[in-house]
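I sat down with this model to look up a handful of things, going from the whole chain to single residues. These are my notes, in the order in which I made them.

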Amino acid sequence: MGHDMADEWFETRAIAPGVWVLRDPIGRVAPEYDVAVVNLYLVEGTERAALIDSGMGIGDVAAACRRLTDKPLINLCTHSHWDHVGGTYQFADRRIHAAEAERLRETYDVEQVGPIRAAPATGLLAEGDVIDLGGRSLAVWHTPGHSPGHVSLLDAATESLFCADTCYAGTLWFQTSDADLDQWRRSLERIAADARVRTLYGGHEQPEHEPALARRVLAALDEALAGRSRWVEFPADPGTRKHLFGEFSILLRADET
Ligand SMILES: [Zn+2]
Ligand SMILES: [Zn+2]
């Protein structure tokens with residue numbers, strides 16, 4: 001990928017002091033997935049910068065980061081799904097939770113995108129870890145539910161939680177074999193209850209949300225599981241129902257509702 005590709009591929013903007021979102025347009029290549037954008041976040045300290053997730057690997061994400069910071073980069077993967085780790089091979093320091101580390105070891109093909117390149121983890125992320133960026137740090141929360149090793153990252157400096165695919169206002173994917181609804185419920189409750197979190201930054205669609213969104217998603221999940229929601233079929237994944245709640249939808253297997 002050339003230098004110019006990054007310019008046109010990622011929509012980049014500053015969202016807080018030393019924090020940028022890089023928006024990877026997944027809807028252009030896989031519209032059937034019903035998500036428009038993957039959000040990557042660059043968080044800069046005085047010594048290092050962390051890139052949270054790396055996108056699909058189509059645009060040159062390392063070049064896009066270098067345009068924003070000259071600090072050494074750490075790639076923190078919230079989970080192993082291909083739309084979040086496709087650019088991870090570009091980074092020498094790349095970390096993920098142990099439960100999903102194995103999945104970064106091999107190259108595989110995604111029909112709409114091409115190869116997702118192997119990028120074996122060089123470090124692991126676990127609950128309670130603190131990643132010091134110099135003058136600010138990111139604390140690791142293990143927030144399983146969307147996938148077994150999903151992590152969120154708390155930036156105390158901006159009272160923000162980068163919660164990726166645990167919570168956003170869009171089509172929430174919870175029908176896959178990776179998903180565990182009881183774990184998801186516990187993770188949402190934790191996010192909604194922690195007073196240190198003033199802003200949620202999600203893994204898809206509009207980046208910023210108030211933590212109350214986690215509460216609304218939780219209530220909606222209960223409605224869906226109780227059979228009280230309106231739903232439509234989700235053709236991209238047969239056997240899946242898309243439960244409609246206005247500001248977001250939840251994908252669940254038909255045999256769960
Ligand atoms: Zn995911
Ligand atoms: Zn995702």
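The entries below cover the overall form, one helix, the core, one sheet and a few single residues.

**Entry 1, the whole chain.** I kept in mind throughout that this is a predicted model. I counted 7 helices and 19 strands in the chain, and I found that its C-alpha atoms fill a box of roughly 50 × 40 × 30 Å along the principal axes. For 257 residues, a compact globule would have a radius of gyration near 18 Å, and the 17 Å of the chain agrees with that. I also noted that 49% of the 257 residues count as buried, and that, among the contacts with a separation of 6 or more, 59% are between residues 24 or more positions apart.

**Entry 2, helix α6.** I looked next at α6, which takes in residues 181-193 and, with 13 residues, reaches 18 Å from its first C-alpha to its last, close to the 18 Å expected at 1.5 Å a residue. Which residues of α6 are buried? I found Trp 184, Ser 187, Leu 188 and Ile 191. Seen down the helix axis, the buried residues of α6 fall within an arc of 100°, so they line one face of the helix. This fits the general rule that an α-helix has 3.6 residues a turn, so residues three or four places apart point the same way. On the face turned away from the buried side of α6 I found the exposed residues Asp 182 and Ala 193. I then looked at what covers the buried residues of α6, and the list includes β13 (160-164), β15 (199-202) and α7 (212-225).

**Entry 3, the core.** The largest nonpolar core has 69 residues, of which Tyr 41, Val 43, Ala 50, Ile 52, Cys 167, Leu 200 and Val 217 touch the most other members. The largest share of this core, 6 residues, comes from α7. I followed up Val 43 and, leaving aside residues up to four places away in sequence, found that it touches Gly 18, Val 19, Ala 49, Ala 50, Ile 52, Leu 133, Leu 138 and Asp 155.

**Entry 4, a sheet.** I traced an open sheet of 6 strands with mixed pairing, in the order β10-β11-β12-β13-β15-β16. At its edges stand β10 (130-132) and β16, each with a single partner strand, so one side of each is left without a neighbour in the sheet. I found 3 bridges joining β10 to β11 (residues 137-142), and the two run antiparallel; Val 130 has Ala 139 in β11 as its bridge partner.

**Entry 5, positive phi.** Most residues other than glycine have a negative phi. I therefore noted Asp 34, which has a positive phi near 70° without being a glycine, and Glu 205, not a glycine either, with a positive phi of about 65°. Asp 34 is found in the loop between α2 (26-29) and β3 (38-44), and Glu 205 in the loop between β15 and β16 (208-209). Are they buried or exposed? Asp 34 is partly exposed, with 19 other C-beta atoms within 10 Å, and Glu 205 is partly exposed, with 18.

**Entry 6, Val 110.** I placed Val 110 in strand β7 (residues 108-110), and found it partly exposed, with 15 other C-beta atoms within 10 Å. Apart from residues up to four places away in sequence, Val 110 touches Trp 82 and Ile 116.

Conventions: Residues numbered from 1 in each chain as written. Chains lettered and ligands numbered in written order. Predicted model: local features only at pLDDT ≥ 70, side-chain atom pairs only at ≥ 80, totals over all residues. Expected span 1.5 Å × (residues − 1). Buried ≥ 20, exposed ≤ 12 C-beta atoms within 10 Å, placed from the backbone. Arc of directions from axis to C-beta. Contact = placed C-beta atoms within 7 Å. Core = buried A, V, L, I, M, F, W, Y, C linked by C-beta atoms within 7 Å. Pairing = 2+ DSSP bridges. Rg over C-alpha atoms; globule rule 2.2 N^0.38 Å.
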